[in-house]
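Visitor: Please take a close look at a single part of this model for me. I would like one connected account, with the numbers.

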Amino acid sequence: MAAAEITRKMIAYSKGNRHDINHFMKVYAFAKTIGECEGLDEAAQTILEIAAIVHDIACPLCREKYGSTNGKYQEQEGPALVRDFLEDSGLSQDAVERIAWLVGHHHTLRGIDGPDYQILIEADYLVNADESGYSRENVENTLGKVFRTKTGISLLKTMYLEG
């Protein structure tokens, strides 16, 4: 199943929650852009893009179960939901497990172990900075401590620190 079909399925899964849909679509667009500009191979790019689409899959459950979409709740609940969601996707078991792992760590900023993880963190931050109105100080701090890709750094500076 291609990223486009998984996107369609995730939009349906979101049951009309436009905030959730718009959020993951923006994260997907940034992840796709950063991954392509950074030259990820096809397999890594596919994993990255699908992880970006499903990264917040646990939000509806977390709202219902905890009354909150706190990142730790998302990381706790997300991997099992991802495995179920991607069960008939045609992706390899290894790919599904990597996507589930990424979803289970997308709010953890330490131990980043690969370009797919790094780019997912950067793409999500680019969107969250806008949606949550992060301060210039927060952006500068995150730039220095978290961002590593040339493309992500360029996007962050252009969007939030220049002009």
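Guide: What follows is a walk around one helix and the contacts beyond it. The model is predicted.

Start with helix H3, residues 42-54. At 1.5 Å a residue, its 13 residues should span 18 Å. The end C-alpha atoms are 18 Å apart, so the expected span and the model agree. Asp-41 caps the N-terminal end of H3. One of its side-chain oxygens lies 3.1 Å from the backbone nitrogen of Ala-43.

How much of H3 is covered? Most of it: ten of the 13 residues are buried. They are Ala-44, Gln-45, Ile-47, Leu-48, Glu-49, Ile-50, Ala-51, Ala-52, Ile-53 and Val-54. The cover for these buried residues includes helices H1 (3-13), H2 (18-37), H5 (71-85), H6 (93-103) and H7 (115-131).

Glu-49 is one of those buried residues of H3. It also leads outwards. Salt bridges that share partners join Lys-32, Glu-36 and Glu-49 into one network. Within that network, Lys-32 forms a salt bridge with Glu-36, with the closest N and O atoms 2.7 Å apart. Lys-32 and Glu-36 are four residues apart in helix H2, so about one helical turn separates them. An α-helix has 3.6 residues a turn, so residues three or four places apart point the same way. Lys-32 is partly exposed, at 28% relative accessibility. Glu-36 is partly exposed too, with a relative accessible area of 47%.

Stay on H2, one of the helices that cover H3. Lys-26, in helix H2, pairs with Glu-131, in helix H7. The two form a salt bridge, and the closest N and O atoms are 3.1 Å apart. This pair links distant parts of the chain, 105 residues apart. Lys-26 is partly exposed at 32% relative accessibility, and Glu-131 is partly exposed at 30%.

Lys-26 also touches Val-127. Val-127 lies in helix H7. Leaving aside neighbours within four places in sequence, Val-127 is in contact with His-23, Lys-26, Val-27 and Phe-30. Take Val-27 from that set. Val-127 and Val-27 are 100 residues apart in sequence, yet 6.3 Å apart in space, C-alpha to C-alpha. Val-127 has 3% relative accessibility, so it counts as buried.

Next, the rings on H7. Tyr-125 lies in helix H7, while Phe-147 lies in the loop between helix H8 (136-145) and helix H9 (150-161). The pair is 22 residues apart and links distant parts of the chain. The ring centres are 5.7 Å apart and the planes stand at 80 degrees, so the pair is edge-to-face. Why edge-to-face? The angle of 80 degrees is over the cut-off of 60. Tyr-125 is buried, with a relative accessible area of 11%. Phe-147 is buried as well, at 1% relative accessibility. Ring pairs link Tyr-125, Tyr-134 and Phe-147 into a cluster.

In total, the structure holds five aromatic pairs. Tyr-66 and Tyr-73 form one with another geometry. Their ring centres are 3.9 Å apart and their planes lie at 5 degrees, so this pair is stacked. Tyr-66 is partly exposed at 27% relative accessibility. Tyr-73 is partly exposed at 30%.

Then helix H6, which is also among the cover of H3. Arg-98 forms a salt bridge with Asp-113, the closest N and O atoms being 2.8 Å apart. Arg-98 lies in helix H6 and Asp-113 in the loop between H6 and H7, so the pair ties together parts 15 residues apart in sequence. Asp-113 is partly exposed, at 47% relative accessibility. The count for the structure comes to eleven salt bridges.

Last, two lysines. Lys-9 lies over the face of Phe-85, at 4.5 Å from the ring centre. Lys-15 lies in the loop between H1 and H2. Most residues other than glycine have a negative phi. Lys-15 has a positive phi of about 50 degrees although it is not a glycine. At 76% relative accessibility, Lys-15 counts as exposed.

To return to H3: Asp-41 caps its N-terminal end, ten of its 13 residues are buried, and Glu-49 belongs to a salt-bridge network with Lys-32 and Glu-36.

Definitions and conventions
Residues are numbered from 1 along each chain as its sequence is written. This is a predicted model: local features need pLDDT of at least 70, side-chain atom pairs count only at pLDDT 80 or more; totals for chains, interfaces and linings use all residues. Side-chain values use heavy atoms; hydrogens and water are left out. Helices (H or I, at least four residues) and strands (E, at least two) are DSSP runs, numbered from the N terminus. The expected span of a helix is 1.5 Å times one less than its number of residues. Buried means under 20% relative accessible area, exposed over 50%, partly exposed in between (1.4 Å probe, protein chains only). Contact means heavy atoms within 4.5 Å. A polar contact is a pair of N or O atoms within 3.5 Å; within protein, one must be able to donate a hydrogen and the other to accept it, and residues adjacent in sequence count only if both atoms are side-chain atoms. Rings of Phe, Tyr and Trp (its six-membered ring) pair if their centres lie within 6.5 Å; planes under 30 degrees apart count as stacked, over 60 as edge-to-face and the rest as tilted. A charge sits over a ring if NZ of Lys or CZ of Arg is within 6 Å of the ring centre and within 35 degrees of the ring normal. A salt bridge is a side-chain nitrogen of Lys or Arg within 4 Å of a carboxyl oxygen of Asp or Glu.
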